[in-house]
Amino acid sequence: MKSGSNLEKVLKAGHFAFTGELGPPRGTDAEEVRKKAAFLKGNVDAVNITDNQTAMVRMSSWAASLLIMQEGLEPNYQMVCRDRNRLAMQADILGASALGIRNMLCLSGDHQQFGDHPSAKGVFDIDSMQLIYMVKKMRDESKFLGGADIHEPPKMFIGAAANPFAEPFEWRVHRLAKKINAGVDFIQTQCIYNMDKFRKWVKQANDMGLTEKVYILAGVTPMKSIGMARYMKAKVPGMDVPDEIIKRLQGAGKGKVAAEGINIACEQIEEFKEMQGLAGVHLMAIEWEHKVPEIAEQAKVLPRPVIE
Amino acid sequence: MIVAQRKPFEEIMNMLKGYKKVLNVGCGTCVAVCLAGGEKEVTVLNTELDMARKLKDNPIKIDGITIERQCDREYLAELDSKVDDYEAVVSMACGVGVQFLAERFPQIPVYPMVDTSGLAANQAVGWYEERCRSCNQCVLGMTGGICPVTMCAKGIYNGPCGGTNNGSCEIDTEQPCAWFMIYERLERQGRLDNILELHAPVEWLDQTPRTLVQPGYKKVDPEDLV
């Protein structure tokens, strides 16, 4: 075991993993975190705690991670490269591990221009690829990036994101390989809507032998509305939403669009369960945590495995 | 070359409000080429200031002189006999020129009249695009001649990031994704091998003031150079 996290155990035992996501509040309301956590408890193997997502200031990821641990959930601590240099990152990794956090997700982070402090100085001292490399070095070699020894190294199951859709498409699988070489243990993909393209990407990863070296969790975000689908198609960089998805939501009829969004997501999950090379699903029900029990039920991923 | 643009007029007026006799020093090199601080721009600014101050019933005597380069002692020497006739000196040179001028005349206040924006190429008259951040460890050989430090909004060395958007950067569809361009160029040249391996964390060399002494030369006491 690299970290001994529940997520690592579930994946290692060959179960189809199911992870969720929780965005910390823009304030100090711990109760809000606990309320969201209650919807996820028992329904997922680990919960991604976002780190100043979309470059908006929020409660720190490690603090919200700690709050959900107190509720009996396992966090997947997200860390972006935008807001910290290598000293701060390593300090936070040590602290997180000391507090019992055992999974982390290494991300570049949305550009600061998107958020509520658009002229903040973006740090990007290291990038997401180098962050993976750094955490692995800390964990496996007991060394800081600068080379000095770590007394009691951090235990982390190292995750990263992958975007199977962005152009140039041919490069996507090589980028995945690069992350694997840097030391990543698991991947959570961008939200998938274009299933044809995703199947191609997974096939390429299979053909290159990559899916034997890393656990890939397919990213799923149910559409809540036609407006959301249109927005994601037009405005969210890196998102690939085919017109058929929008048409299908439009055909659902009044008051039934959200249910149809969940139907689409559950059909995807059914296919992912059977798809060679996939190890699980990462459900990003953005500000829709209360729907997670229903989605998990409908997707037939319950009960979640309990591994000692 | 180094490019700059004139500061907003309000800001300039505010900086100079307490002075009645000022010398405006232009620079005949980079900022003259980029139409920010050469002889012509000195004349234009001085005329504007003269008129604006007259309108405020607070006239200013502002003279202009443009020297070849403000980052060179040889040319700054021309000013030695002149500056003491003024309450303040303003410079239309880049940040390097302003500092070198202020260093030579520490007895007199020196003010910048332009904002220096970077190292840029001349796309067309009046249109300049940044191409170099002087990081001190050039990777253009690896990246097909496209600078990830300057042209990528995150300045990352293992791109593209997840925000790459059909060839554009996530910050703006008008801004090309540097790593998309790097991929395309290396692919065309059959050199994708260059970026298949992890680029290790960068040991930044631009975090402290840099001094450069070319081989065969050495530093000398600045006193001997005046």
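Where is the place of B:Pro160 in chain B? The place is the loop between H6 and strand E8 (168–169) of chain B. The views below show a predicted model.

**View 1. A cis peptide bond joins B:Gly159 and B:Pro160.** Omega of this bond is about 0°. B:Pro160 belongs to the loop that runs between H6 and strand E8 (168–169) of chain B.

**View 2. In chain A, a cis peptide bond joins A:Glu167 and A:Pro168.** Here omega is about -5°. A:Pro168 sits in the loop between E5 and H6 of chain A. Both of these elements, strand E5 (157–162) and helix H6 (169–182), are packed against by buried residues of H5(A).

**View 3. Helix H5 of chain A covers residues 128–141.** The helix has 14 residues. From first C-alpha to last it reaches 19 Å, close to the 20 Å expected at 1.5 Å a residue. At the N-terminal end, A:Asp127 acts as the cap. One of its side-chain oxygens lies 3.2 Å from the backbone nitrogen of A:Met129. After the helix comes A:Ser142. Its phi is positive, near 55°.

**View 4. H5(A) is mostly covered.** Of its 14 residues, 10 are buried. The N-terminal part of the list holds A:Ser128, A:Met129, A:Gln130, A:Leu131 and A:Ile132. The others are A:Met134, A:Val135, A:Lys137, A:Met138 and A:Arg139. A:Met129 thus appears twice in these views: it is buried, and its backbone nitrogen faces the capping oxygen of A:Asp127 at 3.2 Å. Three strands and two helices of chain A receive the buried residues: strand E3 (75–80), strand E4 (103–107), strand E5 (157–162), helix H4 (86–98) and helix H6 (169–182).

**View 5. The largest pocket has a volume of about 1,400 Å³.** It is lined by 50 residues. Closest to its centre are A:Thr54, A:Asp110, A:Gln190, A:Val236 and A:Met239. At least two lining residues come from each of E3, E4, E5, H6, strand E6 (186–191) and helix H8 (226–235) of chain A. E3, E4, E5 and H6 are also among the elements that pack against the buried residues of H5(A). By type, the lining divides into 21 nonpolar, 16 polar and 13 charged residues.

**View 6. The second largest pocket holds about 1,000 Å³ of space.** Its lining has 31 residues. B:Arg133, B:Val149, B:Thr150, B:Cys152 and B:Gly155 lie nearest the centre. Strand E7 (127–132), helix H6 (148–151) and strand E9 (172–176) of chain B each give at least two residues to the lining. The lining divides into 15 nonpolar, 8 polar and 8 charged residues.

**View 7. A:Ala55 has a positive phi, near 60°, although it is a residue other than glycine.** The residue is in the loop between strand E2 (46–49) and helix H3 (61–70) of chain A. Its relative accessibility is 10%, so A:Ala55 counts as buried.

**View 8. B:Asn136 also has a positive phi in a residue other than glycine, near 80°.** This residue is in the loop between E7 and H6 of chain B. Those two elements both contribute to the lining of the second largest pocket. B:Asn136 counts as partly exposed because its relative accessibility is 45%.

Technical notes. Residues are numbered from 1 along each chain as its sequence is written. Chains are lettered from A and ligands numbered from 1 in the order in which they are written. This is a predicted model: local features need pLDDT of at least 70, side-chain atom pairs count only at pLDDT 80 or more; totals for chains, interfaces and linings use all residues. Side-chain values use heavy atoms; hydrogens and water are left out. Helices (H or I, at least four residues) and strands (E, at least two) are DSSP runs, numbered from the N terminus. The expected span of a helix is 1.5 Å times one less than its number of residues. Buried means under 20% relative accessible area, exposed over 50%, partly exposed in between (1.4 Å probe, protein chains only). Contact means heavy atoms within 4.5 Å. A polar contact is a pair of N or O atoms within 3.5 Å; within protein, one must be able to donate a hydrogen and the other to accept it, and residues adjacent in sequence count only if both atoms are side-chain atoms. On a 1 Å grid over the protein atoms alone, a cavity is a set of points where a 1.4 Å probe fits but cannot get out, and a pocket is an open set with protein on both sides within 12 Å along at least five of seven lines; lining residues have an atom within 4 Å of a point. Grid points are joined across faces, edges and corners, and a volume is the space filled by probe spheres set on the points. Ala, Val, Leu, Ile, Met, Phe, Trp, Tyr, Cys and Pro count as nonpolar, Asp, Glu, Lys and Arg as charged, and the others, Gly among them, as polar.
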